[in-house]
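Good morning, everyone, and thank you for making time for this. I would like to walk through one model slowly, so please keep the picture in view while I talk.

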Amino acid sequence: MSGRAFLDMLRAFDRNPLMIRIHACVGITFVACAALQFWPGLRRRHRTAHRRIGYVAFVSLICLPATGLACAIVYPFAGPAGIPPNVFWLTCILTCAAYSWRAARRNDFLGHEIWITRATAMSMGAVSLFTLYESAFVHWLHLDPHVATAAAFWCGQADGLLAAQLWLSRKDGPLARRRAARATAR
Ligand code: HEM
């Protein structure tokens, strides 16, 4: 779907596998931890486990976009055009992670949930980057794979963030509960 030129781009992994393997290991660690962290039953019954796994998850959440940026530099995905979107999303993810951490330390668990949901959704959103946008841009818009990757780098995390906002804004969701709590406090 993404064309032969895209396959050639992927061959760069064989020539220099270290960075992509590190990135994949960090990604697997984060996804496994996040699945446990978002499981309400585990949170309710094993608070200490949530805290311990949380520290591992935070470290992998920070390393994931950092190694992603390193991959965008090492591999010939999009050239220099691939750097700005990766730096932008790295900054967004780290900012959300920092706010989530600060909220947990202040016992503001609604804030913790809101910010970590955004950070997680952006990180997971990167999955749609190559599976959805790359092939759509190459197949239907006939973009050069390098240009398509640069465009896809912008879209992947954006749709994750949008999905998180929709999920958080649901009726009786965390944003509604936080608004209600603030109104009561006033
Ligand atoms: C990837 C997702 C998550 C990560 C990495 C994470 C990480 C953490 C960390 C590191 C702590 C301990 C903070 C401290 O030492 O004070 C913590 C505490 C907590 N988190 Fe999360 N968390 C995640 C998701 C969630 C979600 C979705 C909720 C849902 C509301 C939540 C609710 C809590 C609560 C209630 C505590 C306090 C536990 C306690 O000290 O008794 N977390 N989290």
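How many helices and how many strands does the secondary structure of the protein chain come to? The count is eight helices and zero strands, and if you read along the sequence the pattern is α-α-α-α-α-α-α-α. Before going further I should say that this is a predicted model, so please keep that in mind throughout. The C-alpha atoms of the protein chain fill a box of roughly 55 × 30 × 25 Å, taken along the principal axes, and of its 186 residues, 30% count as buried.

Let me begin with how helices pack. Two packed helices are described by the angle between their axes and the distance between the axes. Take α2 and α4, whose axes come within 8 Å and cross at roughly 150°. Angles over 145 degrees count as roughly antiparallel, and α2 and α4 are therefore roughly antiparallel to each other. The crossing in which α2 passes α4 is left-handed, and the contact of α2 with α4 has 17 nonpolar and nine polar residues, with no charged ones.

Now turn to helix α6, which covers residues 109–139, and helix α7, which covers residues 145–168. Their axes lie 5 Å apart, and the two helices pack at an angle of about 140°, which makes α6 oblique to α7. In the contact of α6 with α7 there are 21 nonpolar, seven polar and three charged residues. As for handedness, α6 passes α7 in a right-handed crossing.

To place some single residues on this pair, look at L129, which is found in helix α6. Is L129 buried or exposed? With 22 C-beta neighbours inside 10 Å, L129 counts as buried, because a residue needs 20 or more of them to be called buried. The C-alpha atoms of L129 and A151 are separated by 9.2 Å, although the two residues are 22 residues apart along the chain. L166, by contrast, sits in helix α7 and is exposed, with 11 other C-beta atoms within 10 Å. From L166 to G68 the distance is 26 Å, C-alpha to C-alpha, and the two are 98 residues apart in sequence.

A third leucine gives us the intermediate case. L36 is found in helix α2, and with 16 C-beta neighbours inside 10 Å it counts as partly exposed. L36 and F109 are 73 residues apart in sequence, and their C-alpha atoms are 17 Å apart in space.

Next, the interior. In soluble globular proteins, nonpolar side chains tend to be buried together. In this model the largest nonpolar core has 19 residues, and those touching the most other members are F30, A57, L61, I93, A97 and A119. Which elements give two or more residues to this core? They are α2, α4, α5 and α6, and the largest share, six residues, comes from α6.

The model also holds a ligand, and 18 residues surround it, of which the closest are Q37, R47, G54, A57 and E113. You will recognise A57 from the list of core residues a moment ago. The elements that give two or more residues to the shell around the ligand are α2 (17–37), α4 (47–74), α5 (83–105) and α6. Among these, α4 gives the most, with seven residues. By class, the shell around the ligand divides into eight nonpolar, five polar and five charged residues.

Finally, I would like to point out two residues in loops. N107 lies in the loop between α5 and α6, and its phi is near 60°, a positive value in a residue other than glycine. N107 is exposed, with 8 other C-beta atoms within 10 Å. The other residue is H142, which lies in the loop between α6 and α7. Phi of H142 is near 55°, again a positive value in a residue other than glycine, and H142 is exposed, with 9 other C-beta atoms within 10 Å.

If you take one picture away, let it be of a predicted model with eight helices and zero strands, in which α2, α4, α5 and α6 each give two or more residues to the largest nonpolar core and likewise to the shell around the ligand.

Methods: Residues are numbered from 1 along each chain as its sequence is written. This is a predicted model: local features need pLDDT of at least 70, side-chain atom pairs count only at pLDDT 80 or more; totals for chains, interfaces and linings use all residues. Axes are lines fitted to C-alpha atoms, for helices over the stretch in contact, and angles run from 0 to 180 degrees between N-to-C directions. Helices (H or I, at least four residues) and strands (E, at least two) are DSSP runs, numbered from the N terminus. Angles under 35 degrees count as roughly parallel, over 145 as roughly antiparallel, 65 to 115 as roughly perpendicular and the rest as oblique. A crossing is left-handed if the near helix is turned anticlockwise from the far one by less than a right angle, and right-handed if clockwise. Ala, Val, Leu, Ile, Met, Phe, Trp, Tyr, Cys and Pro count as nonpolar, Asp, Glu, Lys and Arg as charged, and the others, Gly among them, as polar. A residue is near a molecule or strand if its C-beta atom, placed from the backbone, lies within 6 Å of it. A nonpolar core is a set of buried Ala, Val, Leu, Ile, Met, Phe, Trp, Tyr and Cys residues joined through C-beta atoms within 7 Å. A residue is buried if 20 or more other C-beta atoms lie within 10 Å of its own, exposed if 12 or fewer, and partly exposed in between; C-beta atoms are placed from the backbone.
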